[in-house]
Amino acid sequence: MEFDGIKFAVIGDCHHTHGGNLNKTRDCTTAKKRLETLIYQLNEQDFVMSLGDLGDGRSDDEIPEILEVYKKSKNPVYFTIGNHDLHRRSATEVAKLFCIPAPFYDFKVKNYRLIVLNAFERSRYSYENKE
């Protein structure tokens, strides 16, 4: 995508899992490999925006494994928190994993200020007694 001279890519809902098919309709066990291929094709961007749902919430290692792939990007990567990201962790814990200051934050690209919102103040996937 390009907007007023800013080039960026938007990636959403990897749902990386080791658990096989989701609802027997899609296989997300290949998400990590597909993201690795994609991340190298995005070298001409000013930044990459990840829309969350890095994992499917079936195990604790899904999100860290996908974050390792994002670290290979030559571009800055910004994250929003998806509902599946909250399945095993609080929003504060996910923000720390994503290296973002909070679920709501902003960043500057050229002359623009971009604001990242958290649409999942309370997720139907998060554990009770978590924020």
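In this predicted model, Lys-110 sits in the loop that links strand 7 (105-109) to strand 8 (112-116). With a relative accessibility of 51%, Lys-110 counts as exposed, because the cut-off for that label is over 50%. Exposed or not, Lys-110 still has partners from elsewhere in the chain: once its neighbours within four places in sequence are set aside, it is in contact with Gly-5, Ile-6 and Asp-46. Take Ile-6, which is 104 residues away from Lys-110 in sequence, yet the two C-alpha atoms are 7.7 Å apart in space. As for Gly-5, its backbone oxygen lies 2.8 Å from a polar atom of the Lys-110 side chain.

Next comes the loop between strand 2 (6-11) and strand 3 (21-22), where Asp-13 is found. His-15 has its place in that loop between strand 2 and strand 3 too. Asp-13 is not a glycine, but its phi is positive all the same, at about 55 degrees. His-15, again not a glycine, also has a positive phi of about 55 degrees. Solvent exposure is another matter. Asp-13 has 39% relative accessibility and so counts as partly exposed, since that label covers values between 20% and 50%. His-15 has a relative accessible area of 3%, so it is buried, the limit being under 20%.

On the surface, Met-1, Val-10 and Leu-51 make up a nonpolar patch of about 300 Å². Met-1 belongs to the segment before strand 1 (2-3), and at 65% relative accessibility it counts as exposed.

Now for the inside. In soluble globular proteins, nonpolar side chains tend to be buried together. Here, the largest nonpolar core holds 32 residues, and the members that touch the most others are Ile-11, Leu-35, Phe-47, Leu-54, Tyr-70, Phe-98 and Phe-107. Both helices and strands feed into this core: at least two residues each come from strand 2, helix 1 (31-40), strand 5 (47-50), helix 2 (62-70), strand 6 (77-79), helix 3 (91-98) and strand 7. Helix 2 gives the largest share, with 5 residues.

Tyr-70, one of those well-connected core members, makes a good example to follow through the model. Leaving out neighbours within four places in sequence, Tyr-70 is in contact with Ile-11, Cys-14, Leu-35, Ile-39, Val-48, Ser-50, Leu-54, Val-77 and Phe-79. Among these partners, Ile-11, Leu-35 and Leu-54 also appear in the list of core residues that touch the most other members.

Note on methods
Residues numbered from 1 in each chain as written. Predicted model: local features only at pLDDT ≥ 70, side-chain atom pairs only at ≥ 80, totals over all residues. Heavy atoms only, no water. Helix = DSSP H or I, 4+ residues; strand = E, 2+ residues; numbered from the N terminus. Buried < 20%, exposed > 50% of the residue type's maximum accessible area, 1.4 Å probe, protein only. Contact = heavy atoms within 4.5 Å. Polar contact = N/O pair within 3.5 Å; in protein donor to acceptor, adjacent residues only side chain to side chain. Patch = residues over 30% accessible without salt bridge, like charges linked within 9 Å, V, L, I, M, F, W, Y side chains within 5 Å. Areas by Shrake-Rupley, 256 points an atom, 1.4 Å probe, with all protein chains shown as cover. Salt bridge = Lys/Arg side-chain N within 4 Å of Asp/Glu carboxyl O. Core = buried A, V, L, I, M, F, W, Y, C linked by side-chain atoms within 4.5 Å.
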